[in-house]
Amino acid sequence: MAAPSRDFTAPTLQLLTPDGELRPTPEAEAYLPLVEALSDETLEQFYRDMLISRRVDVTGANLQRQGQLALWVPSHGQEAAQVGSGRASRPQDHIFPSYREHVVGMIRGLDPVKIMNLLRGVTLGGWDPAENGNFHLYTLVLASQTLHATGYAMGLQFDGDTATGDPDTDAAVLVYFGDGSTSQGDASEALVFASSYRTPQVFFVQNNQWAISVPVSRQSRSPISLRGGGFGMPGIRIDGNDVLVSYAVTRQALEEARAGDGPSFIEAVTYRMGAHTTADDPTKYRTDDEVEYWRQRDPITRYRAWLEARGASAAFFEEAEAEATDVAADVRARLLDATAPPRSAIFEHVYSEPHPLVEAQAAWLEAYENSFEGEGQ
Amino acid sequence: MSVETVPSATATTGTDATADAVRGVQTLSMAKAINAGLREALLADPKVLLMGEDIGPLGGVFRVTEGLHAEFGDKRVLDTPLAESGIVGTAIGLAMRGYRPVVEIQFDGFIFPAFDQITTQLARVHLRSEGTVPMPVVIRVPYGGHIGSIEHHQESPEAYFAHTPGLRVVSPSSPHDAYWMIQEAIASNDPVLFFEPKSRYWPKGPVDQDHPGTPLHASRVVRRGTDATLVGHGAMVATLLQAADIAAGEGRSLEVVDLRSLSPIDYGPIVDSVQRTGRLIVAQEAYGSVSVGSEVAATVAERAFYSLEAPVLRVSAFDTPFPPAALETEYLPSADRVLEAVDRALAY
């Protein structure tokens, strides 16, 4: 009797080679028409998104080094995964991020200063998803948002706001998490619920190879994309540094979701070029050779090469550089204007309805602080 | 106390007590009263959903949701996958969408897989969103001992949740309170942990469906007395009333206060009572260390220090895991153990 196979593989779909050639892998060919349908303007928008994202990322890291942020969570290297998937969503869709999806937030209309205020210690979140492109709040307990996304998608179903046959109004949910998060029980439970209720939902894993200092091989011995099938939904592995395949595969999965065909699972294979956060030192656990390998596969470099080859003007690239520099400078200036919230913010919104204990403590703190007025002058 | 068993599905005729929801005063068990309250909430607001394990055609292992799936269907009464964190996590998502999910945790000891979602997410989304995303989620938890069951089926985990800012925690002691409190909990825009004392599921009592009486977060004097004040919640209220009865036969007058709400705690009636009696005994089925009873004792000591004739005493389960059920009557506070504490308080 032959031993069961312990060899688990999955093809990685790619449209754009690391050299910037549009040469689909066999499994990716079917997605090519989705890219061919994009206008030059949209294709250039992808580039501008990625470039702005990288500049804002550098600004965030610098602000942390200058003591203006408690922490920064770099997205350097993951721009294609985020821009492609984020641009694949439609306005009526709902996005549930983890805490590294800064550029997805910006695409959905969220001011990155709001993200920085969270990392500055000024807020705990502080945006209304309904007024910020349905981009829900960052969730720091890993994978907890996967369940919120699934519940939200169940609600879309119950409300009849999906699967009516009108792709301009039918809504879907796109939830982001990472390779480390896939080990959390909540991620598996979300996949169970999503499959069970056939939610209009796309699970988008950015496999950036590292959960702080622990390699993805500790999280999974098989391609993470294979988990989709185990839970009863398609699992697709893509080159996460290829913005075109990220867009096309997510677009297709979201359209299937909104058409009532059920959830999908996408693993975007990418790399976190920087540290996990600014509190981390990646030189302690990974090699220069590995970083160099991924630098050769940089998402922006390859996309620029392709745009240049198809005739984008030098002026476009110059304008994009200038725009990215301006956005980053503006974010920096406005962040430095942010002030600490009033102490009443400790108590406000803990409950939505009156709560005598919290009210008494708020009154006590106010009286206590006021008792020092006039002292020490 | 005899060990009561869960009634079988065929032991009742199903929805007779709830089908017509006749107004007025009915005699119902707490299980039926909660069922009637859930039905009222489902009828009143299409955004109310029930979620849990086996709550559909079976009606829940305690039959609290009996008949509701047949009446309201799959989209209002959801038999979920068997995953507590998943149930609460998806309830949070549904609340973000504008629903008012009512989650059933099958047994007290099975709430812990959902502890993370309850404490780090459910309790904080409203705060994190600066007030833009309310969390009107109710989590129903059958809790407490005296049912002769196995490990993880008889516990009293309410203190973990009363300790968590952002949650409200309540526990009814009577069918009437259960009927109204479940509806008030569902109407609240804050998350509410609704602890149902399962040893009180079956005794019947009057339910006035026209007059709610006491507000959700108010404590209430349920028996007047002059010599000492007894405070408890859930199933313990029946034990305290039993103790007061016995004491009355011995010429002692004990006042009993039903906490009803564990977060926030309404100290007004408690402090007022202690100011009259001078003595306080707090009783609970939960472990005594770092418990709701500890909090009541500390606060009353702060607010009624000059009225106290004796130290505040706690009567609790022991600080050990719930023992095999054969030992539960020795483990759980009884009327006699309450009276032993009363004796000690009166000896000062």
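These are my notebook entries on a predicted model with chains A and B.

**Ground rules**

I noted that this is a predicted model in which local features need pLDDT of at least 70 and side-chain atom pairs count only at pLDDT 80 or more, while totals for chains, interfaces and linings use all residues. Residues are numbered from 1 along each chain as its sequence is written, chains are lettered from A and ligands numbered from 1 in the order in which they are written, and side-chain values use heavy atoms, with hydrogens and water left out.

**Entry 1: chain A as a whole**

I looked up the secondary structure of chain A and found 14 helices and eight strands; helices (H or I, at least four residues) and strands (E, at least two) are DSSP runs, numbered from the N terminus. The radius of gyration of chain A is 22 Å, which agrees with the value near 21 Å for a compact globule of 377 residues; this radius is taken over C-alpha atoms, and the globule rule is 2.2 Å times the number of residues to the power 0.38. Along the principal axes, the C-alpha atoms of chain A fill a box of roughly 80 × 50 × 45 Å.

I then looked up burial, and 55% of the 377 residues of chain A count as buried, where buried means under 20% relative accessible area, exposed over 50%, and partly exposed in between (1.4 Å probe, protein chains only). For contacts (heavy atoms within 4.5 Å), I noted that in chain A, of those with a separation of 6 or more, 76% are between residues 24 or more positions apart. The accessible surface of chain A is about 16000 Å², and 51% of it belongs to carbon and sulfur atoms; such areas come from the Shrake-Rupley method with a 1.4 Å probe, and for residues only the protein chains shown count as cover.

**Entry 2: chain B as a whole**

For chain B I noted 12 helices and 14 strands. Its radius of gyration is 20 Å, close to the 20 Å that the globule rule gives for 348 residues, so chain B is as compact as a globular protein of that length. The C-alpha trace of chain B spans about 60 × 50 × 40 Å along its principal axes, and 63% of its 348 residues are buried. Chain B exposes about 12600 Å², with 55% supplied by carbon and sulfur atoms.

**Entry 3: rings that pair**

I searched the whole structure for aromatic pairs and found 34 over all chains; rings of Phe, Tyr and Trp (its six-membered ring) pair if their centres lie within 6.5 Å, and planes under 30 degrees apart count as stacked, over 60 as edge-to-face and the rest as tilted. The centres of the A:Phe46 and A:Tyr247 rings are 5.5 Å apart with the planes at 45°, so this pair is tilted. The pair links distant parts of the chain, with A:Phe46 in helix 2 (residues 40–65) and A:Tyr247 in helix 10 (residues 243–258) of chain A, 201 residues apart. A:Phe46 is buried at 0% relative accessibility, and A:Tyr247 is buried at 6%.

In chain B, I found that B:Phe62 and B:Tyr201 also form a tilted pair, 5.1 Å centre to centre with 45° between the planes. They are 139 residues apart, each in a loop, and both are buried. I also noted a cluster in which ring pairs link B:Phe112, B:Phe115, B:Tyr143, B:Tyr160, B:Phe161 and B:Phe195.

**Entry 4: nonpolar cores**

I looked for nonpolar cores, meaning sets of buried Ala, Val, Leu, Ile, Met, Phe, Trp, Tyr and Cys residues joined through side-chain atoms within 4.5 Å. The largest has 67 residues, and A:Ile238 and A:Leu244 are among those with the most contacts inside it. Helix 10 of chain A gives the most to this core, with nine residues. Apart from it lies another core of 52 residues, including B:Leu49 and B:Leu193.

**Entry 5: backbone details**

I checked A:Asn134, which has a positive phi of about 55° although it is not a glycine; A:Asn134 lies in the loop between helix 5 (112–120) and helix 6 (144–159) of chain A and is buried, at 14% relative accessible area. B:Glu130 likewise is not a glycine and has a positive phi of about 55°, but B:Glu130 is partly exposed at 38%. Lastly, I noted that the peptide bond from B:Ser263 to B:Pro264 is cis, with omega near -5°.
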